[in-house]
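Grab the structure viewer and work through these exercises at your own pace. Each one gives you a task and then walks through a solution.

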Amino acid sequence: MPDNNGLARLLQLRALEEEQRRATLESATAALHRLRSALQASQARIRQGRESIVLGSHSGSAADRVAGLVECEYAHRGAAILRGRIAAGEQHAAELRQAYLEKRTERRQVETLLREAEARQALELSRREQQSLDNQFGARHHGRRQSVARSTPRPIASQHEIKNAQELTAVPEAEPKSHL
């Protein structure tokens, strides 16, 4: 029983650790999703900047062309930074995913050990109960035998006579047969 208490506490600890790793993984995955959304927004800004350049060249407005160029340049810089952060975030998320899976495996192993210990304990309890029943039955049965033995005398002499008669009967001697 003390082993089961220790295993149960270990199982709770492993479950808490697994939950922490899962929450951390979800947080990193959400951050990665935000970075990807920001990259898509940056790419949209690049397209808008190019459209602004084209519109500025058709309208003849130098300010629109310059604004489009500046918009494209800043969007490219932002996209380059975001790509680096996304790569690092993906690697970090992969490491967190691996750590989460390891903790889940550890928790499952402890669950298995706890189930096996509980099964052994239930089997031992069943054995003890059966032994107790056997002892009770044996005691009652033995008590009945003694009371029956006291009430009816055993014919001891007749048993000896049968045994002696069997010993006196001749056993025909035969040649030993080989079973090979």
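**Exercise 1. Work out how Arg 22 and Glu 26 are paired, and where the pair sits.**

*Solution.*
- Step 1: Look at the two side chains. They meet in a salt bridge, with 2.3 Å from N to O. Keep in mind that this is a predicted model.
- Step 2: Find the two residues along the chain. Both belong to helix H1, and they are four residues apart, or about one turn of the helix.
- Step 3: Check the exposure of Arg 22. Its relative accessible area is 26%, so Arg 22 is partly exposed.
- Step 4: Do the same for Glu 26. Its relative accessibility is 44%, so Glu 26 is also partly exposed.

**Exercise 2. Find out which helices the salt bridge between Glu 71 and Arg 45 links.**

*Solution.*
- Step 1: Start with the contact itself. Glu 71 and Arg 45 form a salt bridge whose closest N and O atoms are 2.8 Å apart.
- Step 2: Place each partner. Glu 71 is in helix H2 and Arg 45 is in helix H1; with their positions 26 residues apart, the pair links distant parts of the chain.
- Step 3: Turn to accessibility. Glu 71 comes in at 28%, so it counts as partly exposed. Arg 45, with a relative accessible area of 35%, is partly exposed too.

**Exercise 3. Decide whether Glu 18 and Arg 107 are buried or exposed, and describe their pairing.**

*Solution.*
- Step 1: Pick out the side chains. Glu 18 and Arg 107 meet in a salt bridge at 2.1 Å, N to O.
- Step 2: Ask what this joins. Glu 18 is in helix H1 while Arg 107 is in helix H2, so the salt bridge ties together parts that lie 89 residues apart in sequence.
- Step 3: Look at the burial of each. Both Glu 18 and Arg 107 are buried, and the cut-off for that word is under 20% relative accessible area.
- Step 4: Put this pair in context. The count of salt bridges comes to twelve.

**Exercise 4. Trace the salt-bridge network that includes Glu 17.**

*Solution.*
- Step 1: List the members. Arg 14, Glu 17, Lys 103 and Glu 106 are linked in a network of salt bridges.
- Step 2: Zoom in on Glu 17, which is found in helix H1. Its side chain makes a polar contact with the side chain of Lys 103, at 3.2 Å.
- Step 3: See what else Glu 17 touches. Setting aside neighbours within four places in sequence, it is in contact with Lys 103 and Glu 106.

**Exercise 5. Which residues make up the largest nonpolar core, and which helix gives the most to it?**

*Solution.*
- Step 1: Name the residues. There are six in this core: Leu 32, Leu 39, Ala 79, Leu 82, Ile 86 and Ala 93.
- Step 2: Sort out who contributes. H1 and H2 each supply at least two residues, and H2 gives the most, with four.
- Step 3: Look for a second core. Apart from the six-residue one lies another, of five residues, including Leu 7, Leu 11, Val 110 and Leu 114.
- Step 4: Follow one core member outward. Beyond residues up to four places away in sequence, Leu 82 touches Leu 35, Ala 38, Leu 39 and Ser 42.
- Step 5: Now see things from Ser 42, which is found in helix H1. With the same sequence neighbours left out, Ser 42 touches Ala 75, Gly 78, Ala 79 and Leu 82. Its relative accessibility is 5%, so Ser 42 counts as buried.

**Exercise 6. Step back and describe the whole chain, then its surface.**

*Solution.*
- Step 1: Count the elements. The chain has three helices and zero strands, and from the N terminus on they run α-α-α.
- Step 2: Check how much is tucked away. Of the 180 residues in the chain, 16% are buried.
- Step 3: Consider the contacts. Among those between residues at least 6 apart in sequence, 81% join residues at least 24 apart.
- Step 4: Look at one such separation in sequence. Leu 10 and Glu 111 are 101 residues apart along the chain, yet their C-alpha atoms are separated by 9.3 Å.
- Step 5: Finish on the outside. The chain exposes about 14,400 Å², with carbon and sulfur atoms supplying 55% of it. Val 66, Val 70 and Tyr 74 make a nonpolar surface patch of about 280 Å², and Tyr 74 lies in helix H2.

Technical notes: Residues numbered from 1 in each chain as written. Predicted model: local features only at pLDDT ≥ 70, side-chain atom pairs only at ≥ 80, totals over all residues. Heavy atoms only, no water. Buried < 20%, exposed > 50% of the residue type's maximum accessible area, 1.4 Å probe, protein only. Contact = heavy atoms within 4.5 Å. Patch = residues over 30% accessible without salt bridge, like charges linked within 9 Å, V, L, I, M, F, W, Y side chains within 5 Å. Areas by Shrake-Rupley, 256 points an atom, 1.4 Å probe, with all protein chains shown as cover. Salt bridge = Lys/Arg side-chain N within 4 Å of Asp/Glu carboxyl O. Core = buried A, V, L, I, M, F, W, Y, C linked by side-chain atoms within 4.5 Å. Polar contact = N/O pair within 3.5 Å; in protein donor to acceptor, adjacent residues only side chain to side chain.
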